[in-house]
Amino acid sequence: MRVPVAVDDLVAPSTVGERHTVIDRGTSVAAVHTALPPHRYAQSDLTELIADLCLEPGADRALLRRLHTSAGVRTRHLALPIEQYAGLGDFGQANAAWMTVGLALAEEALSGALDAAGLTAADIDLLVCTSITGVAAPSLDARLAVRMGMRADVKRVPVFGLGCVGGAAGLGRLHDYLLGHPDDTAVLLSVELCSLTLQRDGSLANLVAGALFGDGAAAVVARGGDAGRRGAGWPMVAATRGHLYPDTEHLLGWRIGASGFRVVVDAGIPDVVRTHLGGDLRNFLATHGLVPDDIGTWVCHPGGPKVLAAVGDALELPDGALDSSWRSLAGVGNLSSASVLRVLEDVATRCRPDPGTWGVLLAMGPGFCAEFVLLRW
């Protein structure tokens, strides 16, 4: 008979059936905070404006209108007022806007998370910053560290290239770090201004991205052990695992050129999810004496309607299991790496799972890859 791993087994070996398994010492999520730009638009109001930017004069707009209607998005926040996008003449101007707006949103997200955790910028030992929508050297995290008064010896890890998986992978890397530095405070900061990457063309991939993606930032504060989480509704990270699928790099990412980041998004992504995700996640859970039915809370990156449907099918989830992800997609669109962190914030503050509930946070991104984070409330 399978015996689910008890809370105490997060830090000690346990016997599960005939297998002897160990779940790593947990790390504590102390706070999550999302920051969104003030420029909020209904999806219906964006459709014709995006058509003006992306399509030739007189071009048929029927496909774009269908994409916007079926995207599952009701409203989105943009880095700039919509009328300013026509004036972004090249990648340099778009990237400069990413720097200015991104730094302000990063400070808002991180300040909110630190306040909620009862900490200050000087308490941060590790700052991991992920973004796939802009580039800078000195990096965004370096500029933010000075701006917010972090210690001169703060460890910084700027990350580019993870895309939508960056929120889940970043949380996993905080966990890895804190296992070796249990007295430290680690922060994951995601800053994604996807609207600034929109291209002036009518390619299907660009139109899909223009229908789905929004802008925002999110910050996670994590600490070693159980510090700071009890009574606040935040979970403990128990274990993580990533999967990189060979020969799938053509499915998702950027083609980078003179005009900036040109999106690559392949229609085959849902098929890969249905083929691989279920078995890989079940294997991950099995190493900890769990099966999908033991998971009471699912925190899934809202990649889009077809991806969310594929996740539900692959994991055979009951109706309503991904409601927080669908709600986030409708309210703000796909925020790339920040989306799964926004869903985590929503689950912890709106739904607040009962103590002892197991959860799984998961996301997928360029590579093609998936990342799983096992949570315990």
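Colleague: Let me start with a single residue: is Asp-183 buried or exposed?

Modeller: A good place to begin, and please keep in mind that this is a predicted model. Asp-183 is exposed, because its relative accessible area is 72%, and exposed here means over 50%. You will find Asp-183 in the loop between helix 5 (166–180) and strand 8.

Colleague: How far apart are Asp-183 and Asp-247 in sequence and in space?

Modeller: They are separated by 64 residues along the sequence, and their C-alpha atoms are 40 Å apart.

Colleague: Asp-183 leads into strand 8, so to speak. How many residues of strand 8 are buried?

Modeller: Nine of the nine are buried, so strand 8 is largely enclosed by the rest of the structure.

Colleague: And which residues of strand 8 sit on each side?

Modeller: The general idea comes first. Side chains in a regular strand alternate between the two faces of the sheet. Now the case here: one side of strand 8 carries Thr-185, Val-187, Leu-189, Val-191 and Leu-193. The other side has Ala-186, Leu-188, Ser-190 and Glu-192. Both faces are covered, and all of these residues are buried.

Colleague: Which strands does strand 8 pair with, and in what sense?

Modeller: Strand 6 and strand 8 run parallel and are joined by five bridges; look for Leu-126 opposite Ala-186. With strand 9 the pairing of strand 8 is antiparallel, over nine bridges. There, Leu-189 has Ala-219 as its bridge partner.

Colleague: Now let me zoom out. In what order do the strands of the open sheet come?

Modeller: Nine strands make up the open sheet, and the order is 7-6-8-9-3-10-15-14-13, with mixed pairing. At the edges are strand 7 (155–159) and strand 13 (295–300), each of which pairs on one side only. From one strand to the next, the twist averages 25 degrees.

Colleague: What holds strand 7 to strand 6?

Modeller: Five bridges do, and the two strands run parallel, with strand 6 covering residues 126–130. One landmark to click on is Val-128, which stands opposite Val-157 in strand 7.

Colleague: Which helices should I look at around the sheet?

Modeller: Try two of them. Helix 10 (residues 339–351) lies across several strands, including strand 3 (27–35), strand 8 (185–193) and strand 9 (215–224). Its direction is at about 140 degrees to strand 13. Then take helix 4 (residues 140–148), whose buried residues are Leu-140, Asp-141, Ala-142, Leu-144, Ala-145 and Met-148. Those buried residues pack against helix 3 (91–117), strand 6, strand 7 and strand 8. Just after helix 4 comes Gly-149, with a positive phi of about 80 degrees.

Colleague: I always check cysteines before a gel. How many disulfides does the structure hold?

Modeller: Zero. For Cys-194, the nearest cysteine sulfur belongs to Cys-164 and is 7.2 Å away. Cys-194 is also buried, with a relative accessible area of 9%.

Colleague: Why is Cys-300 not bonded to Cys-164?

Modeller: Because its sulfur is 11 Å from that of Cys-164, the closest cysteine sulfur, which is too far for a bond; the cut-off for a disulfide is 2.5 Å between sulfur atoms. Cys-300 counts as buried too, at 0% relative accessibility.

Colleague: What about aromatic residues: how do I read a ring pair?

Modeller: A pair of aromatic rings is described by the distance of the centres and the angle of the planes. This structure holds four such pairs. In one of them, Trp-254 and Phe-261 are stacked, with 5.2 Å centre to centre and 20 degrees between the planes. Trp-254 counts as partly exposed, at 22% relative accessibility, whereas Phe-261 counts as buried, at 4%. Both belong to one aromatic cluster with Phe-91 and Phe-160.

Colleague: Finally, what does the UniProt record say about domains?

Modeller: The unreviewed entry annotates residues 28–222 as "Chalcone/stilbene synthase N-terminal". Over that stretch the chain is 42% helix and 22% strand, and its end C-alpha atoms are 5 Å apart. The record also annotates residues 243–376 as "Chalcone/stilbene synthase C-terminal". There the chain is 39% helix and 27% strand, with 21 Å between the end C-alpha atoms.

Methods:
Residues numbered from 1 in each chain as written. Predicted model: local features only at pLDDT ≥ 70, side-chain atom pairs only at ≥ 80, totals over all residues. Heavy atoms only, no water. Pairing = 2+ DSSP bridges. Helix = DSSP H or I, 4+ residues; strand = E, 2+ residues; numbered from the N terminus. Axes fitted to C-alpha atoms, helices over the stretch in contact; angles between N-to-C directions. Contact = heavy atoms within 4.5 Å. UniProt positions renumbered as here; feature names shortened; annotations may be inferred. Buried < 20%, exposed > 50% of the residue type's maximum accessible area, 1.4 Å probe, protein only. Phe/Tyr/Trp six-rings, centres within 6.5 Å; stacked < 30°, edge-to-face > 60°.
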